[in-house]
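Me: Could you take a close look at one part of this model for me? I'd like to hear about the sheet and the helices that pack around in this stretch of chain.

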Amino acid sequence: MHPRDQTIFALSSGRPPSAIAIVRVSGPQAGPVVTTLAGKLPAPRKASRRLLRDSTGQPIDDAVVLWFPGPGTATGEDVAEFHVHGGRAVLAALLAVISIIPNMRAADPGEFTQRAFENGKLDLTEAEGLDDLIHADTDRQRRQALRQLQGLLGDRARDWRERIIEASALIEAGIDFSDEGDVPAELRAPAVKAIKALHAEITKVLAAQGHSERLRDGLVVAIAGEPNVGKSTLMNQLARREVAIVSPHAGTTRDVIEVQLDLDGYPVTVIDTAGIRETDDPVEQEGVRRARARAEAADLVLWLVEGERAANPDTTRSLRKFAQGDRPGGSVWIVRNKIDLGGVGRRGEFGISARSGDGIPELVEALVTFAAEFFGTTEGALVTRARQRDLLSRASDSLRRSLELVEEGEELAAEELRAAAYALGRLLGRVDVEDVLGAIFQKFCIGK
């Protein structure tokens, strides 16, 4: 039997032990599994309390059983759920009984969702939204993922694709009636109007997205500077806990330390890097190399300077490189530390005391503003992944080329319209997406 024809099962709740555990079953054997364990099928979609027994009649657990006959289920197949007590022994006994039933196997990561996709219950953008919802760490990530799961992009893409196909039909009808005098021109005019409207809509969506797809990964902020200027202390202030070792000795931080923050719903990864200086210590040299690499790749660098002290000559070149924006990454802010000891924040800089916390609220508020501007409008963002942006860009380019070619020949314009419809079909996962399915669904947890 083909693996896709087999019935799958998995623990769909958290890792045991827990108060309640949910074991989900999907496929043609879901009904027989229920009768084997619970004696008979309960009423569809109604929770039923049953005593589950193993193959020898010995009780396993007093459980709640739910039965969902297909195709009106999450996966489009027959589905059963067993809500049992979440002890390891209970789960081991239950899964052992299920696994010996013929044509049953443990589910692969994301296989329940993949079956829902294959059975038309979700398109690929909605499946991606579900994955993002599972992994959302902040409220803005959650809201964006939920909108995607509810079809925000998928519904628009289906509408665009249908309109492209309608315009393509008019263009191709003109080809069929090319010997009928003015018939092609009459068909071409409404097609061109429709194509222009579609191109404008998709172009507007792409232009309005900002860095919305980056909301999944978050903003990267690197704390950099010379040794012993308070980078690790600032890191601890931002994290509101002791995540980095603070020491008066230079070179204490030798590796990159990361902490995930939620700033007003924006996910921010803050990186504490080794002090950038010239050194003969090979371990510290590696730390400095990593610090430079991570800072150059960051979206924002907080370059920490101690009070009124000028930068060390060994690091002046690095400071100039970052502050003047000669690097491939994003922005640089000069943060002058230890203002409680007499230093003063200068114009265009931030003055803080990483030790006492002075100036930290203002710095955090500025970080939130920077994040809001960086991500742009996320509440109505349609694009949440680079894959989606790429395919929408391809569709937009094909529509633009079709407008340029329509006067030269309907055949060329029709081919570009087919390419645009194909790109949107790939976006929805309805044509030629085998190369991306594994990459998407294997990132899901088992049982989802």
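Reply: Let's begin with one residue pair: Val-335 stands opposite Phe-350, and Phe-350 belongs to strand E12. Keep in mind throughout that this is a predicted model. E12 is joined by two bridges to strand E11, residues 331–337, and the two strands run parallel.

Zooming out, E11 and E12 belong to an open sheet of six strands, ordered E8-E9-E7-E10-E11-E12, with mixed pairing. At the edges sit strand E8 (257–263) and strand E12 (350–351), each of them pairing on one side only.

Next, the aromatics. The structure has five aromatic pairs. One of them is Tyr-266 with Phe-375: the ring centres are 5.7 Å apart and the planes sit at 5°, so this pair counts as stacked. Tyr-266 is in strand E9 (residues 266–272) and Phe-375 is in helix H11, so to speak a link between distant parts of the chain, 109 residues apart.

That brings us to H11 itself, which covers residues 360–375 and packs against helix H8 (residues 231–239) at an angle of about 70°, with the axes 11 Å apart. That angle makes H8 roughly perpendicular to H11. On the H8 side, the contact is made by Leu-234, Gln-237 and Leu-238, and on the H11 side by Ile-360, Leu-363, Val-364 and Leu-367. Sort the residues of this contact by class and you get six nonpolar, one polar and no charged.

Further along the chain there's another helix pair, H12 (residues 386–405) and H13 (residues 410–428). Their axes come within 8 Å and cross at roughly 165°. H12 and H13 are therefore roughly antiparallel to each other, the cut-off for that label being over 145 degrees. As for handedness, H12 passes H13 in a left-handed crossing.

Who meets whom here? From H12 the contact takes in Arg-387, Gln-388, Leu-391, Leu-392, Arg-394, Ala-395, Ser-398, Leu-399, Arg-401, Ser-402 and Leu-405, and from H13 it takes in Leu-412, Ala-413, Glu-416, Leu-417, Ala-419, Ala-420, Ala-423, Leu-424, Arg-426 and Leu-427. By class, that contact has 13 nonpolar, three polar and five charged residues. Put the two helix contacts side by side: H8 with H11 has no charged residues, whereas H12 with H13 has five.

Conventions
Residues numbered from 1 in each chain as written. Predicted model: local features only at pLDDT ≥ 70, side-chain atom pairs only at ≥ 80, totals over all residues. Heavy atoms only, no water. Axes fitted to C-alpha atoms, helices over the stretch in contact; angles between N-to-C directions. Helix = DSSP H or I, 4+ residues; strand = E, 2+ residues; numbered from the N terminus. Parallel < 35°, antiparallel > 145°, perpendicular 65-115°, else oblique. Left-handed = near helix turned anticlockwise from the far one by under 90°. Contact = heavy atoms within 4.5 Å. Nonpolar A, V, L, I, M, F, W, Y, C, P; charged D, E, K, R; others polar. Pairing = 2+ DSSP bridges. Phe/Tyr/Trp six-rings, centres within 6.5 Å; stacked < 30°, edge-to-face > 60°.
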